[in-house]
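Trainee: Could you walk me through this one while I have it open? I'd like to go piece by piece and ask as we go.
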Amino acid sequence: MLQDIYYQYKGASMMLFRKEKDEVAFCGTAFLVHADGYLLTAAHLITGQDELMVAPMEEAAGFVSVSAESVAPISVEIRQIDRQRDIALLKFVQEIEVTMPEHIMGIPEEVPIGNTVACLGFPFGHYHIYVHLIKQAVVSAKILSGNETHILLFDTMVHDGSRGAPLINLYDGRIIGVVGGRFEPQELMPRQLKRSETPIKTNISYAVSIDHASKLMEDEALSIM
Amino acid sequence: MEKNQEPDKTNAESSPEESWFQLDVHPQVFFISAALIILFVAATIVFQQYVGDIFQQMQSRTSEYAGWLFIWTVNIVLVFILVLLAGRFGDIRLGGPDARPEFSTLGWFSMLFSAGMGIGLLFYGVAEPMFHYAANPLTEPGTTEAARKAMDITFLHWGLHPWAIYAMVGLSLAFFAFNKGLPLSIRTAFYPLLGERIYGWAGNTIDILATVATLFGVATSLGLGVQQVNAGLDYLLGIGQSPMIQVILIGCITGVATWSVIKGLDKGIRRLSEINIGFAALLALFVMLVGPTLFVMDALLENIGYYLQHLPQLSTWNETYEHTEWQQGWTIFYWSWWIAWSPFVGMFIARVSYGRSIRQFILGVLLVPTMVTFLWVTIFGNTALFIEMFGGGGIARAVQENIPVSLFVLLENFPLSMLTSSLAIIVIITFFVTSSDSGSMVIDIITSGGNPNPPVLSRLFWAILEGAVAASLLVGGGLVALQTATITTGLPFALVLLGMCFALYRGLSEYAAPKEIRIGDRETREFRIKHKPPLDKTFGRRRLW
């Protein structure tokens with residue numbers, strides 16, 4: 001099953017770059033969600049003034065090199081952004097044909113706790129290691145954040161570059177969340193308690209439920225696929 | 001390719017008034033079928049003897065020479081369906097991942113059971129075990145072993161195999177129609193074979209044949225059935241048997257069926273089917289309670305156990321070494337009968353199964369009906385056997401004389417026989433209505449070019465034509481001839497079934513395969529990647545928390 005997930009989404013999950021003069025800097029992961037050329041990512045990766053670009057993994061079989069000096073990215077623009085929910089909807093600037101099956105948006109409401117999920121991103125891009133990597137986890141809990149955002153906790157440690165990657169339900173191959181990062185218990189701690197300087201170590205990560213992305217897509221008058 | 005053809009409830013079902021005068025039909029299929037049917041009926045009535053002989057010959061020749069092929073086919077289909085039940089395609093939902101069932105589980109089950117077995121079960125539930133008890137090539141008649149074998153053979157004929165055939169056809173049609181966006185029609189089953197040609201004359205011919213065969217199948221059953229109902233009524237009330245009474249009965253049954261078809265699937269057919277199953281359950285419960293309850297309870301378990309243990313043996317038995325011809329008249333007849341009915345029943349099952357997953361579908365169409373059938377056959381068959389073996393006897397003789405009457409002879413052995421017999425008559429009639437209305441519905445869908453909610457005017461036309469054909473054949477003669485003709489379509493369709501297994505498997509594999517997401521050509525230029533980990537910029541507290 002994980003092979004199928006990888007096969008299906010390897011072209012959808014892309015590296016997200018910010019353009020800085022004539023160079024680009026790696027920010028995280030973004031992924032295709034709509035055949036009209038729309039992508040989703042985590043809102044906290046982008047500032048709003050940046051010029052953004054995405055680059056798909058180059059198609060190659062077998063063992064591949066993970067280093068790169070340059071890249072051939074595609075310009076994208078921010079169409080919708082919800083900082084409260086940490087989700088951004090991007091779109092290719094140029095017209096690009098996208099081949100995509102129907103029904104790739106999952107229903108997080110119906111995903112049981114303990115369900116196996118996969119996430120597919122570029123965890124080590126900040127360190128100039130461009131490896132497209134699939135990880136498996138289970139949905140450990142479904143919780144509400146401080147501002148009532150639907151959050152899926154899953155039990156694998158995601159690295160910084162995987163933020164913005166899709167969280168995919170292994171059983172139906174549909175996307176149920178946008179990976180936000182590692183779960184930091186102190187973020188949810190009662191306000192009056194004193195926080196420690198260093199983060200608490202957990203191997204739990206979180207993703208924002210795809211429901212919130214559906215709202216952005218509706219605002220953009222897209223049919224949910 | 002994957003369009004979801006959701007049966008649109010708002011279309012004709014909720015507002016018959018608006019669509020009353022729309023005659024949205026497939027012109028070739030509709031008019032040629034209607035013309036052929038009328039022509040055939042006329043020809044059959046005129047050349048009765050001749051037509052009867054031809055089809056009788058054809059039927060017995062195919063049973064004789066192609067018996068082994070039927071046995072192969074039904075077993076392959078059963079194994080195939082069981083593999084699908086257990087296999088990785090079980091989670092595929094008919095109509096796409098977001099489809100939800102249109103009918104409640106009880107309503108769904110009532111409809112498919114009423115369409116699939118219905119009336120035959122009522123008569124043969126009593127009669128068939130009696131026949132096999134009195135004579136079969138496997139054991140000495142009249143012994144304990146004969147009773148056991150009699151139930152086993154009856155279970156074979158009415159059990160997993162027929163329902164597997166229906167499930168196979170239903171699943172193929174539903175999958176290709178709801179998940180692949182093809183029209184909900186028999187021609188769709190040939191798509192893997194003919195490709196786009198199903199939209200041309202090849203497809204039209206298939207649909208015309210299916211329409212004609214379905215109509216004759218349902219109409220001849222109706223015609224022959226009312227004779228049985230009449231025999232029953234006569235036995236009970238002494239009203240005599242005459243074509244006049246039978247035509248009136250056809251009129252009544254057709255009237256109710258027409259009403260039900262016009263009301264639509266949910267308001268008409270589903271409700272009638274539920275009422276029908278309710279009455280049937282009441283009758284079965286009554287017979288079980290007043291009859292030899294303990295014997296029936298014991299028998300149910302033992303019959304099922306014996307059936308499962310001997311299933312591979314009996315279902316592949318081909319009477320090779322016995323060198324008898326018993327099987328042609330029974331097993332092979334049943335197999336070609338079920339196969340000949342399968343386009344009609346399969347189509348109906350497909351129509352009502354939108355939104356079920358393949359696993360639910362197979363559980364609901366294969367296992368549950370089989371269990372209910374076993375329960376029914378045990379209640380009626382074993383009660384008859386009990387009377388024959390340990391009681392007053394007389395059922396076997398009654399069966400030999402007149403099959404429909406044997407049910408009433410059975411009921412007479414128990415208290416309140418007038419009440420139960422009346423209930424039996426009601427069940428028989430409602431079963432006729434439900435197979436008649438589902439038959440019309442199927443024809444409506446086919447002749448409207450695969451529209452799951454066909455126009456009301458055409459529903460009216462086919463429902464009435466069906467009654468008219470039954471009545472004409474009843475008065476003019478030729479019911480048996482045309483019924484035999486319908487059964488002869490079993491042989492070619494057996495080959496189609498095998499092709500369908502292959503096509504469905506391929507279709508499912510393709511459908512379930514992961515679909516790569518890719519982007520096409522784009523204009524880009526190379527950028528250098530900046531040598532500075534920009535982590536600082538993206539970190540920090542998010543508003544989310």
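Trainee: In chain A, what share of the contacts between residues at least 6 apart in sequence join residues at least 24 apart?
Mentor: In this predicted model, 66% of those contacts in chain A join residues at least 24 apart in sequence.

Trainee: And what is the secondary structure of chain A, how many helices and strands?
Mentor: Chain A has two helices and 14 strands, and its C-alpha trace spans about 50 × 40 × 35 Å along the principal axes.

Trainee: How does the radius of gyration of chain A sit against that of a compact globule?
Mentor: The two agree, because a compact globule of 225 residues would have a radius of gyration near 17 Å and chain A has 17 Å. Of those 225 residues, 44% count as buried.

Trainee: Which domains does the assignment give for chain A?
Mentor: It gives domain 1, covering 11–100, and domain 2, covering 108–215. The C-alpha centres of domain 1 and domain 2 of chain A lie 19 Å apart, and 22 residues of domain 1 are in contact with 24 residues of domain 2.

Trainee: Which elements of domain 1 of chain A give two or more residues to the side that touches domain 2?
Mentor: Those elements are strand 1 (13–20), strand 2 (23–34) and strand 3 (38–41) of chain A, and strand 2 of chain A provides the largest share, with six residues.

Trainee: What about the residue classes on that side?
Mentor: The side of domain 1 of chain A that touches domain 2 of chain A divides into 13 nonpolar, six polar and three charged residues.

Trainee: Let me pick a residue. Where is G125(A), and is it buried or exposed?
Mentor: G125(A) lies in the loop between strand 9 (116–121) and strand 10 (133–144) of chain A, and it counts as buried because it has 27 C-beta neighbours inside 10 Å, where the cut-off for buried is 20 or more.

Trainee: Which residues does G125(A) touch, leaving out those up to four places away in sequence?
Mentor: G125(A) touches M15(A), F26(A), Y130(A) and G161(A). Taking F26(A) from that list, G125(A) and F26(A) are 99 residues apart in sequence, yet their C-alpha atoms are 6.2 Å apart in space.

Trainee: Which backbone angle should I look at for H103(A)?
Mentor: Look at phi, which for H103(A) is near 60 degrees, a positive value in a residue other than glycine. H103(A) sits in the loop between strand 8 (98–99) and strand 9 of chain A, and it counts as partly exposed, with 15 C-beta neighbours inside 10 Å.

Trainee: And A221(A), what is its phi?
Mentor: A221(A) has a positive phi of about 60 degrees although it is not a glycine. Its place is in the segment after helix 2 (210–219) of chain A, and with 6 C-beta neighbours inside 10 Å A221(A) counts as exposed.

Trainee: Switching to chain B, how many helices and strands are there?
Mentor: The secondary structure of chain B comes to 22 helices and two strands. Its C-alpha trace spans about 100 × 50 × 50 Å along the principal axes, and 52% of the 545 residues of chain B count as buried.

Trainee: Helix 15 of chain B caught my eye. How many residues does it have, and where does it bend?
Mentor: Helix 15 of chain B, residues 358–390, has 33 residues and reaches 45 Å from its first C-alpha to its last, close to the 48 Å expected at 1.5 Å a residue. The bend, of about 30 degrees, is at G364(B).

Trainee: Which helix holds I443(B), and why does I443(B) count as buried?
Mentor: I443(B) is in helix 18 (residues 417–447) of chain B, and I443(B) is buried because 33 other C-beta atoms lie within 10 Å. Not counting residues up to four places away in sequence, I443(B) touches T211(B), T214(B), L215(B) and W462(B). The C-alpha atoms of I443(B) and L215(B) are separated by 7.3 Å, with their positions 228 residues apart along the chain.

Trainee: Last topic, then: how many residues of chain B are in contact with chain A?
Mentor: There are 29 residues of chain B in contact with 50 residues of chain A. By class, the chain B side has eleven nonpolar, four polar and 14 charged residues.

Terms used:
Residues are numbered from 1 along each chain as its sequence is written. Chains are lettered from A and ligands numbered from 1 in the order in which they are written. This is a predicted model: local features need pLDDT of at least 70, side-chain atom pairs count only at pLDDT 80 or more; totals for chains, interfaces and linings use all residues. Helices (H or I, at least four residues) and strands (E, at least two) are DSSP runs, numbered from the N terminus. The expected span of a helix is 1.5 Å times one less than its number of residues. The bend at a residue is the angle between axes fitted to the seven residues ending there and the seven starting there. A residue is buried if 20 or more other C-beta atoms lie within 10 Å of its own, exposed if 12 or fewer, and partly exposed in between; C-beta atoms are placed from the backbone. Domain bounds come from an automatic or database domain assignment. Two residues are in contact if their C-beta atoms, placed from the backbone, lie within 7 Å. Ala, Val, Leu, Ile, Met, Phe, Trp, Tyr, Cys and Pro count as nonpolar, Asp, Glu, Lys and Arg as charged, and the others, Gly among them, as polar. The radius of gyration is taken over C-alpha atoms; the globule rule is 2.2 Å times the number of residues to the power 0.38.
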